[in-house]
Amino acid sequence: MSLPGEHIVKSYDEELNRLTGEIQRMGNLALVELEAAITAVIERDSDAAERIIASDKAIDELENEISQDVIRLLALRQPIARDLREVLAALRISSDIERIGDYAANVAKRALALNRVDQVRPVISMPRLGKIASEIISEVLLAYRDRDADRALLAWARDEELDALYTGIFRELLTYMMEDPRNITACTHLLFMAKNIERIGDHATNIAENIYFIVHGTQIAQERRKGDKTTSMVAKAAVTASQERRD
């Protein structure tokens with residue numbers, strides 16, 4: 001015969017498991033959305049891009065459900081210690097996934113605009129950038145499922161790799177625009193796409209940090225290394241352009 005307290009603990013565990021499942025489902029939807037958006041860019045598939053934009057609503061709805069579940073858990077269970085970290089992290093993680101979905105939808109929106117102009121060579125760099133972002137998302141989702149802080153930390157460190165590739169693509173696109181003004185429109189859309197994917201990586205690393213916090217109760221001791229050098233590149237380009245005009 002089970003005691004009343006055992007029923008409460010079991011019920012609470014079931015609610016936490018359901019919350020984890022909802023976040024996994026939400027994360028998988030965002031991952032599929034990103035991968036489909038990259039494919040739509042490469043294949044210049046406007047119909048697919050439209051479907052991706054429309055599908056983002058499902059991620060938003062799941063975030064609302066998770067928010068309600070978190071509010072209910074906080075009100076009824078009043079969790080403490082690790083349980084409280086689990087619940088609060090779920091709220092933050094769902095918010096990061098919602099933003100990932102938004103950025104993936106933005107890539108699809110840019111794909112629609114890109115399809116109206118001639119294709120430029122740097123578009124072939126998008127799958128590489130998207131692949132790294134997808135891998136980081138997959139790893140943090142698995143780390144969250146298993147509450148694996150070490151796996152989360154490895155995924156967290158890969159953001160520097162994503163940033164470095166984004167910087168390389170940014171440099172390539174600037175070069176194409178400077179060489180031929182006819183490339184400016186297409187390259188501008190690709191710049192926005194690349195930036196959206198870079199931001200997806202930032203949100204994935206936020207998730208990794210929350211997983212680490214759930215497990216250890218502390219923040220990651222290392223400072224997040226950033227490989228994004230685009231700000232300094234823009235400043236240098238502006239100085240160069242100004243000098244050329246004076247010459």
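## Overall architecture

From the N terminus on, the elements of the protein follow the order α-α-α-α-α-α-α-α. The model is a predicted one, and it holds 8 helices and 0 strands.

Of the 247 residues of the protein, 46% count as buried. Among contacts with a separation of 6 or more, 85% are accounted for by residues 24 or more positions apart. The sections below turn to helix α5 and its surroundings.

## The start of helix α5 and its two faces

Helix α5 comprises residues 149-157. At its start, a side-chain oxygen of Asp148 comes to within 3.2 Å of the backbone nitrogen of Asp150.

The buried residues of α5 are Ala149, Ala152, Ala155 and Trp156. These residues cover an arc of only 120° around the axis and therefore lie on the same side of α5. The exposed residues Asp150 and Leu154 are carried by the face of α5 that is turned away from its buried side.

## Packing partners of the buried side

The buried residues of α5 pack against three helices: α4 (126-146), α6 and α7 (184-216).

## Trp156

Trp156 belongs to helix α5. The relative accessibility of Trp156 is 4%, and this residue therefore counts as buried, the cut-off being under 20% relative accessible area.

Trp156 is separated from Glu139 by 17 residues in sequence, and the C-alpha atoms of Trp156 and Glu139 lie 9.3 Å apart in space.

## The pairing of α5 with α6

Two packed helices are described by the angle between their axes together with the distance between the axes. For helix α5 and helix α6 (residues 159-179), the axes come within 4 Å and cross at roughly 15°. Angles under 35 degrees count as roughly parallel; α5 and α6 are therefore roughly parallel to each other.

On the α5 side, the contact is made by Ala155, Trp156 and Ala157, while α6 contributes Asp159, Glu160 and Glu161. By character, the residues of this contact divide into 3 nonpolar, no polar and 3 charged. Ala155 and Trp156 thus appear in two roles: both are among the buried residues of α5, and both take part in the contact with α6.

How values were computed
Residues numbered from 1 in each chain as written. Predicted model: local features only at pLDDT ≥ 70, side-chain atom pairs only at ≥ 80, totals over all residues. Heavy atoms only, no water. Axes fitted to C-alpha atoms, helices over the stretch in contact; angles between N-to-C directions. Parallel < 35°, antiparallel > 145°, perpendicular 65-115°, else oblique. Contact = heavy atoms within 4.5 Å. Nonpolar A, V, L, I, M, F, W, Y, C, P; charged D, E, K, R; others polar. Buried < 20%, exposed > 50% of the residue type's maximum accessible area, 1.4 Å probe, protein only. Arc of directions from axis to C-beta. Polar contact = N/O pair within 3.5 Å; in protein donor to acceptor, adjacent residues only side chain to side chain.
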